[in-house]
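Colleague: Could you walk me through this model in plain words? I'd like to take it one question at a time.

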Amino acid sequence: MRVGLSGKHLGQLDVDLAVCFAHEGDPAPRAIPDARLRAALGAAMVADGFKGRRSDILLWNLTDDSRTRRYAVIGLGPESGGSRFESIRLGCIRAARTASSHSARRLGLCLPETPSSVRTEFTRAAAEGALLGAYQFDRYLHDPARRPVRLQSITIAANGDGTAMRPAVDRGVATARATCFARDLVNEAPSRLDPSALARVAAKVAREFGLNCRILAPEKLEKLGMHALLAVARGSRSPAQVVHLKHRPARHRAKDPRVVLVGKGVTFDSGGLNLKPGASMLHMKGDMSGAAAVLATMTTLRDLRYPFEVHGVLGLVENMTGGAAYKPGDILDTYAGKTVEVGDTDAEGRLVLCDLLAWAADQLAPTYLVDIATLTGAVVVALGTRASGLFSRSDALRDQLLAAAAAGGEKLWPLPLYDEYLELLQKGPADLCNVGGRWGGAITAALFLGEFVPRNVAWAHLDIAGPAFSEKESPDSTAGGTGAGVATLVRWLEELASS
């Protein structure tokens with residue numbers, strides 16, 4: 001779906017639903033130059049008790065021969081406090097969802113006026129929000145009564161400023177499309193997207209977006225010494241796959257950074273022999289959300305013209321209970337040479353990532369190494385379902401990622417890496433145990449990963465277990481995969497490119 005810009009005013013657009021916005025306390029919608037239309041919508045707001053709160057939506061129909069017959073006013077909440085970019089992103093998400101619920105195929109948006117210094121970012125947030133709100137995962141619905149009407153076009157009324165805002169819209173579209181692609185991957189049925197199938201998707205993406213792609217099969221992984229990763233896959237009939245994607249611009253300088261993104265890709269997690277309860281297993285197709293975020297981010301690199309080398313490494317396995325499954329009490333060798341005792345087969349993500357991180361640090365010489373994973377339930381206990389945990393020993397990298405998340409509309413919170421807690425993993429007959437007990441589970445999981453990354457590498461770990469999958473629909477999103485982490489990674493790479 002293309003997001004267009006028009007120099008026309010909202011009432012002049014040929015759309016099925018025309019949306020404008022109001023903050024709390026506004027007597028009429030913002031940025032409507034047509035005095036008659038503005039007054040009519042203001043009167044409807046008063047009559048309907050519309051207050052401009054984020055939950056407020058006013059629908060209003062014209063009865064004359066105007067080009068646009070149906071309007072909506074979306075509340076943005078208070079104008080002061082919080083991020084205006086996030087307010088308009090959420091407002092445009094709700095605008096697109098309102099359009100779909102009323103069978104509109106063409107949506108028009110009139111954004112509130114903003115200072116020229118922030119207009120670019122404001123417009124980008126609007127484009128992102130509209131596309132995210134239009135997202136549907138309906139490929140398996142054949143009943144017309146259940147299949148929602150899809151938006152076909154989104155037009156932003158630029159009030160004469162269309163050309164200047166085009167680059168901002170394009171960046172917003174690239175980010176939103178990548179996020180929606182990650183959602184599609186997470187929402188796919190696990191038996192249709194096992195490790196081999198996801199590796200094929202990655203190879204196809206590489207061809208489409210100009211990336212180099214190498215797929216490492218189990219025989220190669222065995223030779224490399226990735227025994228921890230391979231152990232997780234032993235109980236499944238689907239063999240482990242590691243995908244290495246590479247973006248290398250035609251022109252790059254020796255001083256440019258080299259970024260490596262590592263994604264956990266457990267395409268289904270039964271818990272292994274430490275079997276999950278049935279209810280906990282229902283959404284475990286989403287345990288590859290980290291790999292989905294990395295793969296989706298890689299699709300933006302060519303079009304957004306990143307001038308430095310970026311690698312994406314995906315560790316793809318199933319954690320199942322077959323006769324060859326790895327067992328509690330097993331002692332595993334790793335790529336780094338350290339041994340790991342398996343205290344819990346359901347703490348499998350860190351076994352996948354430890355080999356990938358050690359290999360990436362050893363073979364790819366990263367300036368920055370970032371892994372992203374649905375790693376622990378403990379981080380959900382700590383931060384809830386809307387926020388991801390951030391762990392890093394690099395203050396500079398931590399601050400960069402926090403700023404990127406804020407710009408991308410994602411919640412990211414820094415958590416500590418207390419070296420004293422490492423003792424919880426240093427027990428038993430191996431160098432490390434893959435679990436550290438009940439308390440501080442998100443921290444000990446991150447500390448475990450840190451043992452496989454040299455201290456001189458700027459590394460960060462993003463635990464997205466909370467926001468990666470939404471079990472129920474909300475006003476701001478559909479149920480299912482959310483594409484968590486994509487916006488943060490894209491914004492971070494953009495900032496690196498501009499610095």
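Colleague: How many aromatic pairs does the count come to?

Modeller: First, this is a predicted model, where local features need pLDDT of at least 70, side-chain atom pairs count only at pLDDT 80 or more, and totals for chains, interfaces and linings use all residues. Residues are numbered from 1 along each chain as its sequence is written, and side-chain values use heavy atoms, with hydrogens and water left out. Rings of Phe, Tyr and Trp (its six-membered ring) pair if their centres lie within 6.5 Å; planes under 30 degrees apart count as stacked, over 60 as edge-to-face and the rest as tilted. By that rule, the count is seven aromatic pairs.

Colleague: Are the planes of Phe448 and Phe452 stacked, edge-to-face or tilted?

Modeller: Their ring centres are 5.3 Å apart. The planes meet at 50°, so the pair is tilted.

Colleague: Is Phe452 buried or exposed?

Modeller: Buried means under 20% relative accessible area, exposed over 50%, and partly exposed in between (1.4 Å probe, protein chains only). Its ring partner Phe448 has 0% relative accessibility, so Phe448 counts as buried. Phe452 has a relative accessible area of 4%, so the word for Phe452 is buried.

Colleague: Which residue has its charged end over the ring of Phe452?

Modeller: A charge sits over a ring if NZ of Lys or CZ of Arg is within 6 Å of the ring centre and within 35 degrees of the ring normal. Arg183 does this with Tyr135, 5.3 Å from the ring centre. Over Phe452, at 5.6 Å from the centre, it's Lys338.

Colleague: In strand 6, what is the bridge partner of Leu5?

Modeller: Strands (E, at least two residues) and helices (H or I, at least four) are DSSP runs, numbered from the N terminus. Two strands pair if DSSP finds at least two bridges between them, and strand 1 and strand 6 pair in the parallel sense over five bridges. In strand 6, Leu5 is matched with Ile156.

Colleague: Why is strand 6 largely enclosed by the rest of the structure?

Modeller: Strand 5 (residues 106–110) also runs parallel to strand 6, joined by five bridges, and one of the bridge partners there is Thr155, matched with Gly108. Strand 6 covers residues 153–157, and it is largely enclosed because the buried residues number four of the five.
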